[in-house]
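Visitor: I am new to this structure and would like a close look at a single part of it. Please take me slowly through the salt bridges and the places where their partners sit.

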Amino acid sequence: LGSFQQIYAGRGSLYTAYVGGAYKVQGFSIGANLGFLFGKLEYQKTITFPDSIYAYGTRNITNLNVKSFIYNVGVQYQHRIFHSDNDPDARTDIFFMVGAYGSGGMKMTGKLSNYWERFDYTSSSGFVSIDTAAASFNQKVKISLPFNVGSGIMFGNERFWLFGIDFKYMNWGSYQSPLNNAQLTDSWRFSFGGQVTPKFNEMDKRKYFNRVQFRAGGYYGKSEIYFNKNNF
């Protein structure tokens with residue numbers, strides 16, 4: 001066949017419109033977001049034979065339209081573990097906070113269009129379709145999103161200093177999609193970080209940097225990417 005060239009391209013976007021709410025009683029809080037996910041993705045695979053002027057190129061175009069409801073929920077508990085009656089500064093209070101969050105594996109629906117065609121390419125005319133080898137349009141497909149759960153704890157005072165850790169797990173091994181050609185595995189991430197506010201004062205609007213929240217943190221984990229028997 002001689003040399004050949006493969007070109008992969010993709011475009012499109014997914015969007016989410018959502019509403020959320022929360023309720024707090026004493027130290028307990030619970031909240032949820034309900035959203036609508038929609039959008040279109042397009043993938044193209046093209047094979048050409050630059051050494052032969054008599055060989056036609058082949059192109060596969062796949063379009064996926066997605067529409068589905070999604071949600072996530074969370075709970076949190078906050079408790080003051082230190083308070084000094086001799087110091088009126090509220091920044092000296094220390095709070096303990098623990099929370100959990102997650103969303104279930106959603107079963108989404110979509111419409112898939114897929115066709116193969118042979119083409120010729122010239123500098124004057126560009127792509128010229130020769131024939132269509134196979135085509136299907138607006139087929140209903142199912143997409144299984146992974147569920148995710150997480151939990152974290154935090155110590156400190158939002159007006160002075162905070163330090164927290166967080167753990168998140170996502171079940172990417174259950175992900176299914178008509179566009180998924182790669183093997184995925186479950187992922188997890190451990191995060192930690194802190195925040196310092198030099199001197200929070202609601203009455204003093206002039207000293208801006210005293211009110212800035214300076215943050216730093218990091219994370220370690222395993223991604224869902226699995227290639228050549230290795231995780232990344």
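Guide: What follows is a walk through the salt bridges, after a short look at the chain as a whole.

This is a predicted model, in which local features need pLDDT of at least 70 and side-chain atom pairs count only at pLDDT 80 or more, while totals for chains, interfaces and linings use all residues. Residues are numbered from 1 along each chain as its sequence is written, and side-chain values use heavy atoms, with hydrogens and water left out.

The chain has 1 helix and 12 strands (helices, H or I, of at least four residues and strands, E, of at least two are DSSP runs, numbered from the N terminus). Its radius of gyration, taken over C-alpha atoms, is 26 Å, well over the 17 Å that the globule rule (2.2 Å times the number of residues to the power 0.38) gives for 232 residues, so the chain is more spread out than a compact globule. Along its principal axes the C-alpha trace spans about 90 × 40 × 35 Å.

A salt bridge here is a side-chain nitrogen of Lys or Arg within 4 Å of a carboxyl oxygen of Asp or Glu, and by this rule the count comes to 4. One of them joins R11 and E42, whose closest N and O atoms are 3.3 Å apart. R11 lies in strand 1 and E42 in strand 2 (residues 28–48), so the pair ties together parts that are 31 residues apart in sequence. R11 is exposed, with a relative accessible area of 59%, whereas E42 is buried at 12% (buried means under 20% relative accessible area, exposed over 50%, and partly exposed in between, with a 1.4 Å probe and protein chains only).

Another salt bridge is formed by D93 and R80, with 3.6 Å between the closest N and O atoms. This pair links distant parts of the chain, since D93 is in the loop between strand 3 and strand 4 (94–103) and R80 is in strand 3, 13 residues apart. D93 is buried, with a relative accessible area of 8%, and R80 counts as partly exposed at 41%.

The side chains of D131 and R118 also meet in a salt bridge, at 2.8 Å from N to O. D131 belongs to strand 6 (residues 126–144) and R118 to strand 5, so this pair ties together parts that are 13 residues apart in sequence. D131 is partly exposed, with a relative accessible area of 30%, and R118 is likewise partly exposed, at 35%.
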